[in-house]
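Biologist: I'd like some help reading interfaces in a model. Could you walk me through it?

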Amino acid sequence: MLTKGKEYDVIIIGGGATGAGTARDCALRGLSVLLVERYDFTAGATGRNHGLLHSGARYAVTDRESATECIKENMILRRVARHCVEETGGLFITLPEDDLGYQKLFVESCEAAGIRAEVIDPELARRLEPSVNPTLTGAVKVPDGAIDPFRLTTANVVDATMHGADVLTYHEVTGLIRNGDRIQGVCLTDVRTGARSEARGRLVINAGGIWGAGIAAKAGVTVNMFPAKGSLLIFGHRINNLVINRCRKPANADILVPGDTICLIGTTSDRVPYDQIDHMTVTPEEVDILMSEGAKLAPSLAHTRILRAYAGVRPLVTSDDDPSGRSISRGIVCLDHATRDGLEGFITITGGKLMTYRLMAEWATDLAMRKLGESDPGCVTADKPLPGSEPAEVKKEKKRLKGWNRRKSHVIELSTEQLAAEGRHGTMSRKIDTRDAASEALVCECEQVSVGEVNYAIDELHVHNLLNLRRRTRLGMGTCQGQLCACRGAGLLAKAGACADAALADLGWFINERWKGMSPVAWGETIKEVQLMSWLYEGVGGLTEGRRQKMDAMADKGEQDAEPAAKTEEKE
Amino acid sequence: MIDQLNISENNFEQCIKCTVCTVYCPVTAVNPLYPGPKQAGPDGERYRLKHRDFYNEALKYCLNCKRCEVACPSGVRISDIILSARNRYSRGSAGLRDRMLAHTDMMGGLATRLSPTVNGLLRLKPVKLAMDLTLGIDRRRTFPAYTPRKFTTWYRRHAAERQERFANQVTYFHGCYVNYNFPRLGKDLVKVMNAIGWGVQLMKDEKCCGVARIANRLIKQATDAAKVNLREIGAQVEAGRDVIATSSTCVMTMRDEYPHVLGLDNAGVRDHIMTATRFLYNLVESGRVKLAFKPDYRLHAAYHTPCHLVRLGWGIYSTELLKMIPGLQLTILDYNCCGIAGTYGFKKENYAYSQAIGKQLFDSIAEAAPDIVATDCETCKWQIEMSTGLKVANPISIIADALDVEATRQLNNV
């Protein structure tokens, strides 16, 4: 929602982890905040990466600064984003074709960056992680983990709004309000309806990731971005419980991360033209590389079911004093366009990584406080837990009945879906209705999402369509990729206010989006799944060509979301 | 073939979420606390791989009928996944009751020595009430009576010697029920096989097949017994003898659960383990033996296919054999689970579900109004006898009854 006629202290563009984190930090420091996002939270690079809680070890040899940032943020996120993090631990393995000598350099570099790296016996590595390639010749244990970027971003948004921030999704910044050499706000277009509006702010923060270059251009300044595409594959279940990396110079497909119920292998790295960033597809060659390299980390990957493929675009930035683009950094870039370009009221925060989103937000907010001349109470995000990650009020109430009682008792424990929801929303899961069988009924069976959880997401987590719902709850991210849950979710959305026609169009569109991610890996069980889905929705349900034309017509009229995820693929 | 394409333990990743298993699950139909085979099996497995806390004790409501596996078009071994999960993730060890129920051989061995006393006691209401209250064995359940003389004792004293006369030999896995409760069935088998010119041998050492131990999370005990059985079966196979059993569940367990749940390799002997009706049918069908029946034999039997025999796909051998009896009117009942599932139906918490599951079967039996019910499973027999009041017999016993032994021996030149 947008408070009409209000002049915000800051307007933040971009609903990724950085934008959401900046909105939270600003709101916590007492600024009035508007967060605008073109489509949905996590629709860009935030939702299309490994979900790896980097220890920094990967960068230790090549980029000491990034490595140090990573390990610091790693330890912070374990505390403040407890419910988004899984402390799995990670291995850097050396295979027979790798140089075992690199291990020494690697461990020394880790130690220099403050990363605890422990050389372990290959036999111990095989026991810690039975799926690891058994021919490994060396292994180093590091504090890697898994982080869920969807939950992380949502939690930041929730906390920002709890501290007074306004949030607008599906609003694209089509221009910046410029008065002389000062930016005073943004021109917005509702991408669903085409309606135009304006929002005024004392400061605009560009946190658009790779799209930030385009936003900067609208303000008349240049930020040099070098889009690098990375493709990943998602597997049907976890084969590993530790993150597995290759102990060598970073290369293709050398990280296997367990994330929630799945595991994923990535990535590739290819430069793509800037005008193609909304149209990422995964090529057969990339799938081949990911499979063949991935199987070297864990041989069982070669015959594990692949759910889908997706690609994201890294927002790599050339540093300012080098417009040629030779020195590309993965470090954080925080630009005050007043000192750089003579344009007041405009900041760009970009570069960095998911791991450093909080630090990026801190830097941007520090700069914003200085520029606004407000008294700065200081950043608290390194210590204040995100909503959902607060220390649990009551001890986990999972009942452990013993002996006689266990045998007598019929309903014994928290149900799987309650546990799963607790994993997704942390302490916020107490808001999920579990009062009766109707709210405990499952919507998504693969990912254990209940009616209560869907309703909670619709009510409180900025959900307008199935895609939003998927990102907030994991609905449709499991084995069947929405086959069973998409229609149920559409029904609940329709019940919650959307009209039936819109819900139906949304359903068709969601199914199509699922297919886009499955098509690059459509063989074996995956093609069977797709066929069954097609029979159900097209054959039995009548979601036919005619219906599709109607949907297209609605899309033309701007009634349907124009989100590019329909054309590209996204994580899970 | 499907095993070569196996991509995950018991094929759980081959699930395409069609949910047909849940449609065929008899427990789901009567017990809302049970998540159903798809949820308990392949869906739940993904979560259990993430963390063992996602294991849910409601999985104990699975009665391991394997109807889900029969229904599955993708070859997912759903109840094997559920059984394995129960064994792997359920905390604490099996209680006294489960141990008593599961050790069918040990309890049988004890009970047969005092069988008149035990049988009498087990019929007494106060005893049943006491077992209900202290152990959790449902007071409404009727116990199978124990025999005063074990089948193996009878065999040793009265049958072993004359088996040597026959040129063809087959080995009989009698199982706990025949040995401790109902030697008559074993005697019937010996009678039929001898009449067609086949000798019946027993294994040197036979342990319980272990199905009840597997169901009650006594995996170590089940594995120990299974290893002995596999060794003994191996010896029989080496001597050129197939191993047959009159219990469909024993056969299913030794063929399928040994490798899938216990992880034991039985590839060398698996094809030599089969039901007695399959063995006999193949002999008759190939023309190697002939059967002659009493001309005045008259009986109306309703045949119930036990779930584990359906899983084996071998119900047809029993019904085709029964159809060979000229005086037998055979009604083949629709395939419904009887609900007892071995030790499952004895447990107090399952009794009501057990009877609710069986209701369809009991109703269809009442409708058919047969003289006798035929089935290849002993626990189905207990359940149907208790719930319908009708007598239940193994097809081998019916054949033994109807067989004209002298005529059969002449036909087969015995």
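Modeller: Let's go through a contact between domains and then a contact between chains. Keep in mind that this is a predicted model.

Biologist: Fine. Which domains does the assignment give for chain A?

Modeller: There are three stretches of assignment to keep in view: domain 1 covers 7–45 + 150–224 + 325–372, domain 2 covers 86–147 + 227–310, and domain 3 covers 410–566. Where domain 1 of chain A meets domain 3 of chain A, 17 residues come from domain 1 and 20 residues from domain 3.

Biologist: How do I read the size of a contact like that?

Modeller: People often quote the accessible area that is lost when the parts come together. Here, domain 1 of chain A and domain 3 of chain A bury about 1,500 Å² between them, with 54% of it on carbon and sulfur atoms.

Biologist: And which residues of domain 1 lose the most area to domain 3 of chain A?

Modeller: Look at A:R151, A:Y170 and A:R192, which together account for 35% of what the domain 1 side buries.

Biologist: What about charges? How many salt bridges does the rule find across the interface of domain 1 and domain 3 of chain A?

Modeller: Two. You can find a salt bridge between the side chains of A:D40 and A:R472, at 2.6 Å, N to O. Polar contacts are counted separately: seven residue pairs between domain 1 and domain 3 of chain A, both residues at pLDDT 80 or more. On the domain 1 side, helix α6 (residues 149–162) of chain A gives the most, with six residues. By class, that side of domain 1 divides into nine nonpolar, five polar and three charged residues.

Biologist: Now the chains. How many residues of chain A are in contact with chain B?

Modeller: 43 residues of chain A, touching 36 residues of chain B. The area idea carries over: chain A and chain B bury about 3,300 Å² between them, 47% of it on carbon and sulfur atoms.

Biologist: How many salt bridges are found across the interface of chain A and chain B?

Modeller: The rule finds three. B:K38 and A:E445 meet in a salt bridge through their side chains, at 2.4 Å, N to O. There are also 16 residue pairs in polar contact between chain A and chain B, both at pLDDT 80 or more.

Biologist: Which elements of chain A give two or more residues to the side that touches chain B?

Modeller: Those are α11 (403–408), α12 (416–425) and α18 (524–540) of chain A. Sorted by class, the chain A side touching chain B has 13 nonpolar, 14 polar and 16 charged residues.

Terms used
Residues are numbered from 1 along each chain as its sequence is written. Chains are lettered from A and ligands numbered from 1 in the order in which they are written. This is a predicted model: local features need pLDDT of at least 70, side-chain atom pairs count only at pLDDT 80 or more; totals for chains, interfaces and linings use all residues. Side-chain values use heavy atoms; hydrogens and water are left out. Domain bounds come from an automatic or database domain assignment. Contact means heavy atoms within 4.5 Å. Buried area is the accessible area (1.4 Å probe) that two parts lose on being put together, summed over both. A salt bridge is a side-chain nitrogen of Lys or Arg within 4 Å of a carboxyl oxygen of Asp or Glu. A polar contact is a pair of N or O atoms within 3.5 Å; within protein, one must be able to donate a hydrogen and the other to accept it, and residues adjacent in sequence count only if both atoms are side-chain atoms. Helices (H or I, at least four residues) and strands (E, at least two) are DSSP runs, numbered from the N terminus. Ala, Val, Leu, Ile, Met, Phe, Trp, Tyr, Cys and Pro count as nonpolar, Asp, Glu, Lys and Arg as charged, and the others, Gly among them, as polar.
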